[in-house]
Amino acid sequence: MTALTRRSLLGGAAVATVAAASSLTGMPARAVAPMAGKQGPSFYRYKVGDFEVTALNEGSVRNANPANMALNKTLPDIQKALGDAFLPTDHVINQFNVVVVNTGKNLVLFDSGFGDNGAPTVGNLLSNMNAAGIDPKAIDTILVSHFHGDHINGIRAKAGAANFPNAEIMVPAAEWKHWTDAGEESRAPQVWKGNFGAVKRVFDPIAKDVKQFEFGKELVPGITSVDARGHSPGHTAFVMASGNAKLMYIADVTNHPILFARNPEWRLWADMIPDQALSTRRKLLDMLAAERMPMAGYHYPFPAVGYIAKLGNGYDFVPANWNAAF
């Protein structure tokens, strides 16, 4: 607590007198600046062994109808979970966070966001890469976790040009099989019909060059694919390993962690194979908690890196401490 003395009181009175005089004499106010109305560039760097990881915020969307987030829960259930976490209960902010890993030999992009094919509040990947000093032309490899639009649309601009023209693109074989199958398209629920069109737009011009991979394979030295099916037919997580250090990029194993890590049995509307998604969620989150392995989540609060801890029948996301090394 600051002690009040006669001198400090007199000093305060003098400042007040000057301020009052300024208002009376019409002197202009100083240090007035317009409000920015937006955040600055959103990137964050950290190390995994000798690998340098850059988290890049692609943007966010505001879901004004929380009731549609979890199909097997009521709106009061969802609102209680949000309120207990000191979040607004009348909407959900969903974030989109892309990861770039520099292994020292390869510059690897994990997923690509919406690009210029989404809402006005997304599509910030390229500008944030520029702010982080990463040239899109320098990306060697794009590893795609799955084919939902918020993960693939940024590969190609709306006008048609490749955003990462020198990158080799590697995709899960099971995703490719599902989303390029006309029979699957004809049987798909209405909510997924448009995504088949997005897959065609992104991949048809380069179909012969796209490389398909299986689970459990080292795709780039130090980076291995992990079976994470359920959210989609070929949904994939990735483990990066350098020396004794590891990090798992879980993509969409959970969506918003307050809702779907703390409550792993809740059914996300976008989980295409719900029972398998729940099984995968528990399996991978149990492993992360047991091994104390750091993780990065696509829809987690930026910079979306931290740890998973057991919390009752569910799990808690523990953000990693901010790293000043960079």
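Q: In which loop is D111 found?

A: This is a predicted model. In it, D111 is found in the loop between β4 (107–110) and α3 (125–131).

Q: What is the phi of D111, and is the residue buried or exposed?

A: Phi of D111 is near 65°, which is a positive value in a residue other than glycine. D111 has a relative accessible area of 0%, and since the cut-off for buried is under 20%, D111 counts as buried.

Q: Which strand holds A251, and what is its phi?

A: A251 lies in strand β11 (residues 245–251). Its phi is positive, about 55°, although A251 is not a glycine. A251 is also buried, at 0% relative accessibility.

Q: How should one read a nonpolar core, and how many residues has the largest one here?

A: In soluble globular proteins, nonpolar side chains tend to be buried together. Here the largest nonpolar core has 65 residues. F110, I139, I142, F147, F203, M240 and Y249 are those with the most contacts inside this core. Strand β3 (residues 92–102) gives the largest share of the core, 6 residues. A second, separate core has 19 residues, including V226, V253, A304 and F317.

Q: Which residues is Y249 in contact with, leaving aside its neighbours within four places in sequence?

A: On that count, Y249 is in contact with V99, F110, D111, S145, H151, A237, F238, M240, A296 and Y298. Among these contacts of Y249 are F110 and M240, both named above for their contacts inside the largest core. D111, the buried residue with positive phi discussed at the start, is also in contact with Y249.

Q: How does one look for enclosed space, and how many cavities of 30 Å³ or more are there?

A: Rolling a probe the size of a water molecule over the atoms shows where empty space is left. In this model the count comes to 1 cavity of 30 Å³ or more. The largest cavity holds about 30 Å³ of space. Its lining is made by A228, R229, G230, H231, H235, D252, V253, A277, T280 and R281. By class, the lining of this cavity has 3 nonpolar, 4 polar and 3 charged residues. V253, one of the lining residues, also belongs to the second core.

Q: Which residues are closest to the centre of the largest pocket, and what volume has it?

A: The largest pocket contains about 390 Å³ of space. Of the 20 residues lining it, N94, F96, D150, W269 and A270 are the closest to its centre. β2 (51–63), β3, α4 (149–152) and α7 (190–203) each supply at least two lining residues, and the largest share, 3 residues, comes from α7. The lining divides into 9 nonpolar, 9 polar and 2 charged residues.

Q: What lines the second largest pocket?

A: K38, Q39, G40, P41, S42, N57, T121, N124, S127, N128 and F302 line the second largest pocket, whose volume is about 320 Å³. The lining comprises 2 nonpolar, 8 polar and 1 charged residues. F302, one of these lining residues, precedes a cis peptide bond to P303, with omega near 10°. P303 lies in the loop between β12 (295–297) and β13 (305–311).

Q: What span does helix α9 reach, and which of its residues are buried?

A: Helix α9 (residues 274–291) has 18 residues and reaches 26 Å from its first C-alpha to its last, close to the 26 Å expected at 1.5 Å a residue. Its buried residues are A277, L278, T280, R281, R282, L284, L285, L288 and A289. Among them, A277, T280 and R281 also line the largest cavity. R292 follows α9, with a positive phi near 55°.

Definitions and conventions:
Residues are numbered from 1 along each chain as its sequence is written. This is a predicted model: local features need pLDDT of at least 70, side-chain atom pairs count only at pLDDT 80 or more; totals for chains, interfaces and linings use all residues. Side-chain values use heavy atoms; hydrogens and water are left out. A nonpolar core is a set of buried Ala, Val, Leu, Ile, Met, Phe, Trp, Tyr and Cys residues joined through side-chain atoms within 4.5 Å. Buried means under 20% relative accessible area, exposed over 50%, partly exposed in between (1.4 Å probe, protein chains only). Helices (H or I, at least four residues) and strands (E, at least two) are DSSP runs, numbered from the N terminus. Contact means heavy atoms within 4.5 Å. On a 1 Å grid over the protein atoms alone, a cavity is a set of points where a 1.4 Å probe fits but cannot get out, and a pocket is an open set with protein on both sides within 12 Å along at least five of seven lines; lining residues have an atom within 4 Å of a point. Grid points are joined across faces, edges and corners, and a volume is the space filled by probe spheres set on the points. Ala, Val, Leu, Ile, Met, Phe, Trp, Tyr, Cys and Pro count as nonpolar, Asp, Glu, Lys and Arg as charged, and the others, Gly among them, as polar. The expected span of a helix is 1.5 Å times one less than its number of residues.
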